[in-house]
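Have the sequence and the 3D view open side by side. The paragraphs below go through a small sheet, a pocket, a few cysteines and one lysine.

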Amino acid sequence: MSSGKSNLECFERAQRSLVGGVNSPVRAFGAVGGTPRFFERARGCHLYDVEGNRYVDHVMSWGPMILGHGHPEVLEAVHRAVDAALTFGACSPLEADLAEMIKAKFPSMDLIRFTSSGTEAVMGAVRLARGFTRRDLIVKFAGCYHGHGDSLLVSAGSGALTFGTPSSPGVTRACGAQTLVLPYNDISAAREAFRRFGGQIAGVLVEPWGGNMGLVPPVEGFLEGLREVTLEDGALLIFDEVITGFRVPQGGVQGLLGIRPDITCLGKVIGGGMPVGAFGGRRDVMEHLSPLGPVYQAGTLSGNPVAMACGIATLRCLTDRAYVELEEKGAYLEGAILEAARSAGIPGSVTRLGSALGLFLGPVPRNLEEVKATRVDLYPRLFHLMLDQGVYLPPSAFETFFVSLAHGTEDLEQTGRAFAEAFRALKGMM
Ligand SMILES: *Cc1c(COP(=O)(O)O)cnc(C)c1O
């Protein structure tokens with residue numbers, strides 16, 4: 001089955017024609033060192049690289065593959081869709097099918113617009129919030145990732161309440177000057193921002209569980225407080241549930257906690273492995289979007305029929321029973337990691353939202369600063385110790401990892417054993 005090429009040969013070749021050999025930077029293994037694996041095939045919870053090595057996958061394409069790779073019902077739906085048409089660039093009933101399935105779990109989303117990525121969904125949501133409120137400022141939180149839109153590639157300036165500084169060359173200072181970056185889980189900082197900039201903030205954009213600095217839960221009162229201050233001020237509350245969406249049987253964190261944001265962004269799971277994003281929310285807000293309203297947003301392949309069919313089939317398989325199973329598998333892995341850490345004498349902690357897990361070598365953090373204060377320096381070693389035992393974790397300490405419906409008992413046991421072994425080896429380095 002394997003092509004006879006090595007990962008290294010593939011990487012060297014890729015670097016001759018692709019920037020850094022990749023099409024998304026984290027894939028280059030820069031944060032962990034070593035040679036990226038080049039994959040040929042994936043089935044269930046397993047990835048197969050060009051050298052014929054098999055790995056238990058805990059990246060799951062960064063979240064979308066919640067059913068596992070190559071789920072038969074999803075493949076069948078996609079095959080049928082491909083045979084019907086690759087794209088119309090026009091309307092198909094599949095778009096309303098998927099929209100209705102999303103609305104059933106996200107009652108805050110009266111109207112929806114599909115995009116081809118999470119990045120586009122957030123960019124659309126931010127433009128819409130600004131257009132609707134006729135205000136310019138956006139509040140975001142350090143450590144939250146919202147895709148690579150200019151106004152969000154901004155990190156905290158020095159000082160508690162300063163405007164952001166571009167976190168990438170090419171993002172203009174003007175963009176940074178319209179984004180306030182606050183510490184996650186700090187409701188008093190958010191209240192202070194509204195005292196200082198009341199009437200100027202278009203929206204507060206937040207990952208309701210921080211899924212891009214490991215997996216950081218919201219402290220009690222944080223999201224509720226954001227809902228309160230935004231309502232008082234007339235700013236919109238935007239939940240970026242691109243990672244958290246469809247992770248739990250209640251739909252997202254908003255369903256879990258009973259908080260109703262004005263706009264929600266989705267991606268990842270709703271495409272089931274195809275490029276899909278979505279934003280949606282309050283009817284009066286969404287009616288500001290073209291063609292109903294003046295705020296422009298569009299996409300040649302938005303609502304693509306193959307992608308819609310893949311998303312529909314994926315959500316259809318996410319029954320209550322499936323969520324029970326995902327919860328059990330997630331809990332099993334959480335327990336196995338904690339036990340491995342305990343028996344090795346390593347200060348490990350695990351956060352978990354259903355089938356999404358965060359691992360920290362240190363106490364559970366509440367914000368990016370506290371994440372950085374854990375032993376992230378040991379992660380590259382941990383990553384390779386796991387990889388050598390056939391377990392594929394995210395190639396960065398700041399990412400969430402996943403279990404899927406396809407992870408069986410033996411697979412999770414393999415991961416648990418690998419953690420036990422890896423933690424024993426790490427212990428000597430602490
Ligand atoms: C992945 C992610 C995005 C960006 O989605 P892409 O499809 O990669 O553009 C946005 N927000 C959050 C919270 C994400 O995890």
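How many residues lie between β2 and β3 in their hairpin, and which glycine in the turn has a positive phi? The model shown here is a predicted one. In it, four residues separate β2 from β3 in the hairpin, and the glycine is Gly 52, with a phi of about 85°. Strand β3 covers residues 54-57, and its pairing with β2 is antiparallel, over three bridges. Within this pairing, Leu 47 stands opposite Tyr 55 of β3.

On the other side of the sequence from β2 comes β1, which runs over residues 39-43 and pairs with β2 in the antiparallel sense over four bridges. These two strands also form a hairpin, with two residues between them. Gly 44 is in that turn and has a positive phi of about 60°. Two bridge partners can be followed by eye: Ala 42 is matched with Leu 47 in β2, and Phe 39 is matched with Asp 49 in β2.

These strands belong to an open sheet of four, ordered β1-β2-β3-β15, with mixed pairing. The edges are β1 and β15 (391-392), each of which pairs on one side only. Helix α14, residues 409-427, packs on this sheet and touches β2, β3 and β15. The direction of α14 makes about 95° with that of β3.

Is strand β2 covered or uncovered on its faces? In a regular strand, side chains alternate between the two faces of the sheet. Strand β2 (residues 46-49) is covered on both faces. His 46 and Tyr 48 are buried on one side, and Leu 47 and Asp 49 are buried on the other.

The next stop is a pocket. The second largest pocket has a volume of about 680 Å³. Its lining consists of 33 residues, and those nearest its centre are Ala 142, Gly 143, Cys 144, Asn 212 and Leu 368. Three elements, β6 (154-155), β8 (179-182) and α12 (368-372), give two or more residues to the lining of this pocket. The largest share comes from α12, with three residues.

How many disulfides does the model contain? The count is zero, where a disulfide would need two cysteine sulfur atoms within 2.5 Å. Cys 265 is in no disulfide, and the nearest cysteine sulfur, that of Cys 144, is 12 Å away. Cys 265 counts as buried because its relative accessibility is 0%, and buried means under 20%. Cys 10 counts as buried too, because its relative accessibility is 16%.

The last residue to look at is Lys 5, found in the segment before α1 (7-17). Is Lys 5 buried or partly exposed? Lys 5 counts as partly exposed because its relative accessibility is 44%, and that class lies between under 20% and over 50%. Apart from neighbours within four places in sequence, Lys 5 is in contact with Cys 10, Val 50 and Glu 51. Thr 374 is 369 residues from Lys 5 in sequence, and their C-alpha atoms are 38 Å apart in space.

Key:
Residues are numbered from 1 along each chain as its sequence is written. This is a predicted model: local features need pLDDT of at least 70, side-chain atom pairs count only at pLDDT 80 or more; totals for chains, interfaces and linings use all residues. Side-chain values use heavy atoms; hydrogens and water are left out. Buried means under 20% relative accessible area, exposed over 50%, partly exposed in between (1.4 Å probe, protein chains only). Two strands pair if DSSP finds at least two bridges between them. Contact means heavy atoms within 4.5 Å. Axes are lines fitted to C-alpha atoms, for helices over the stretch in contact, and angles run from 0 to 180 degrees between N-to-C directions. On a 1 Å grid over the protein atoms alone, a cavity is a set of points where a 1.4 Å probe fits but cannot get out, and a pocket is an open set with protein on both sides within 12 Å along at least five of seven lines; lining residues have an atom within 4 Å of a point. Grid points are joined across faces, edges and corners, and a volume is the space filled by probe spheres set on the points.
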